[in-house]
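Student: I should like to learn how the features of a structural model are read. Could we take them in turn, with the general idea given before each case?

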Amino acid sequence: MAMTEATLLTTRTDVRTLFTRKRRIAFAVPAVILAYFVYIFFAFDIAGLAAKARMDNAAILLSDFWSYKTHVTRDNRSGEIEIAIEGETRGTYPEGRRPEWVRDEGAETVISLRGGHTVVFEPAANGGGAFYDVPDYGRIDIRPGNGKLDLTLPGPLPGDIAISQSDNRIAVTTSEGRFNYTRSKVEVFRYQPGWELFFFTLDSPFSGKSLPELAALALWGDRVDSGRSNAGYMLTEFLTNKMWHHDQVIGAVIETLLMAFLGTFGAAIIIFPVAFLAASNFTPLKSVRFALRRVFDFVRGVDALIWTIILSRAFGPGPMTGALAILITDLGSFGKLFSEALENIDDKQVEGVRSTGATGLQRARFGVIPQVTPVILSQVLYFL
């Protein structure tokens, strides 16, 4: 039947109205989001936070991630020099052993930084001062005076050098290191790329050896300890590293993986049969479905950390508490996801199994589970 002119006009009007509404929504949603971001910008004072940001501290924090620093410290009272990686007692160089960039020239101690930068500790006979030689700038000289520290500069500071000064402390920061002078000590920080002492600490017999030297020792070198092989000794020294604690870290990682595995797959095994009761195409009773879904909402709405706090009262801190906290939290999430997967199955496959005279259990085994297994496994592996 052909459309009348009035009907056609009404249809066109409805279509135009629909397109106009959708166009307004398409512009309104981004506008609302943009307005919200503008509100956040002023409510959280983003401009003020940016103005207060200390980018120099951010640069130091970033450099600490990919590099390490060695502290060279002189006690101004005793004149003793101590060299320690990251300032750790366990990373202190033993007596008679120094890095090649720290040397004694007469009574002076010379520390060579990168880029030609040099720091010199003068002996107590010369006043106990210290100076920092910066290429293309000159010598920054610091020495104790009458009740305060005297600072002498060769000229106006360039942009890549920062100095903070008080009566009792002077700190010099450059692109190649840091230099602090106080009444009690003088300290130089030298930054170097890498993670020093990751394999062996300084007190290990394998410390400071190159990879070819270590390979030679492990394969055909004389035994360092007559009671065990060099390869076994190296492995023991690596695992019991006093600064990186590899054995403890490896144990903690394995324990964490076990907690995740037990909690995630335990929750999946427990909740899978319960999910049938929360699916509308398997449970006709709305009250049962409603009650189960609200339980799922409550369980997953409570963070795993809260469950950990509650469970630690019963089991104490440990892997059992962590696994149970993960299990309880995932019960709620899996209950929702599994029940929705069951509601979206293809009924034709189930009807095909039913036509063979299969029982309800057989229909679930051969008509339902093969459909939801890929979805459920992907969800479980994602949570793991």
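Tutor: Let us begin with a convention for describing a pocket lining: Ala, Val, Leu, Ile, Met, Phe, Trp, Tyr, Cys and Pro count as nonpolar, Asp, Glu, Lys and Arg as charged, and the others, Gly among them, as polar. Please keep in mind that the model is predicted.

Student: Into which classes do the residues of the lining of the second largest pocket divide?

Tutor: They divide into 15 nonpolar, five polar and five charged residues. The elements that give two or more residues to this lining are β1 (67-75), α4 (211-219) and α5 (230-239). Of the 25 lining residues, Glu196, Leu197, Phe200, Gly208 and Lys209 lie nearest the centre of the second largest pocket, and the space in this pocket is about 480 Å³.

Student: How is such empty space found, and what volume does the largest pocket have?

Tutor: In general, rolling a probe the size of a water molecule over the atoms shows where empty space is left. Here, the largest pocket has a volume of about 560 Å³. Its lining also holds 25 residues, and Asp56, Ile60, Thr173, Thr174 and Arg178 lie nearest its centre. Two or more lining residues come from each of α3 (55-66), β9 (162-165), β10 (169-174) and β11 (177-182). The lining of the largest pocket comprises eight nonpolar, 10 polar and seven charged residues.

Student: Which element gives the most to the lining of the largest pocket?

Tutor: That element is α3, with six residues. A general point helps in reading a helix: an α-helix has 3.6 residues a turn, so residues three or four places apart point the same way. Helix α3 also contains Ser63.

Student: Is Ser63 buried or exposed?

Tutor: The cut-off for buried is under 20% relative accessible area. Ser63 has a relative accessible area of 14%, so this residue is buried. As for its place relative to a distant part of the chain, Ser63 is 307 residues from Pro370 in sequence, and their C-alpha atoms are 52 Å apart in space.

Student: How many residues does helix α1 have, and what is its reach?

Tutor: Helix α1 (residues 5-43) has 39 residues and reaches 56 Å from its first C-alpha to its last, which is close to the 57 Å expected at 1.5 Å a residue. After α1 comes Asp45, with a positive phi near 50 degrees.

Student: Let us turn to the sheets. What is the order of the strands in the open sheet that contains β1?

Tutor: The order of this six-stranded sheet is β2-β1-β12-β11-β10-β9, and the pairing is antiparallel. Its edge strands are β2 (81-85) and β9, each of which pairs on one side only. On average, neighbouring strands are turned by 10 degrees against each other, direction ignored. Within this sheet, nine bridges join β1 to the antiparallel strand β12 (residues 185-193), and Thr70 stands opposite Arg190 in β12.

Student: What is the order of the open sheet that contains β3?

Tutor: That sheet has six strands in the order β3-β4-β5-β6-β7-β8, with antiparallel pairing. At its edges stand β3 (102-105) and β8 (149-152), each with a single partner strand, so one side of each is left without a neighbour in the sheet. Neighbouring strands here are turned by 20 degrees against each other on average, direction ignored. Five bridges join β6 (residues 130-134) to the antiparallel strand β7 (residues 138-144), and Asp133 stands opposite Arg139 in β7.

Terms used:
Residues are numbered from 1 along each chain as its sequence is written. This is a predicted model: local features need pLDDT of at least 70, side-chain atom pairs count only at pLDDT 80 or more; totals for chains, interfaces and linings use all residues. Side-chain values use heavy atoms; hydrogens and water are left out. Two strands pair if DSSP finds at least two bridges between them. Helices (H or I, at least four residues) and strands (E, at least two) are DSSP runs, numbered from the N terminus. Axes are lines fitted to C-alpha atoms, for helices over the stretch in contact, and angles run from 0 to 180 degrees between N-to-C directions. The expected span of a helix is 1.5 Å times one less than its number of residues. On a 1 Å grid over the protein atoms alone, a cavity is a set of points where a 1.4 Å probe fits but cannot get out, and a pocket is an open set with protein on both sides within 12 Å along at least five of seven lines; lining residues have an atom within 4 Å of a point. Grid points are joined across faces, edges and corners, and a volume is the space filled by probe spheres set on the points. Buried means under 20% relative accessible area, exposed over 50%, partly exposed in between (1.4 Å probe, protein chains only).
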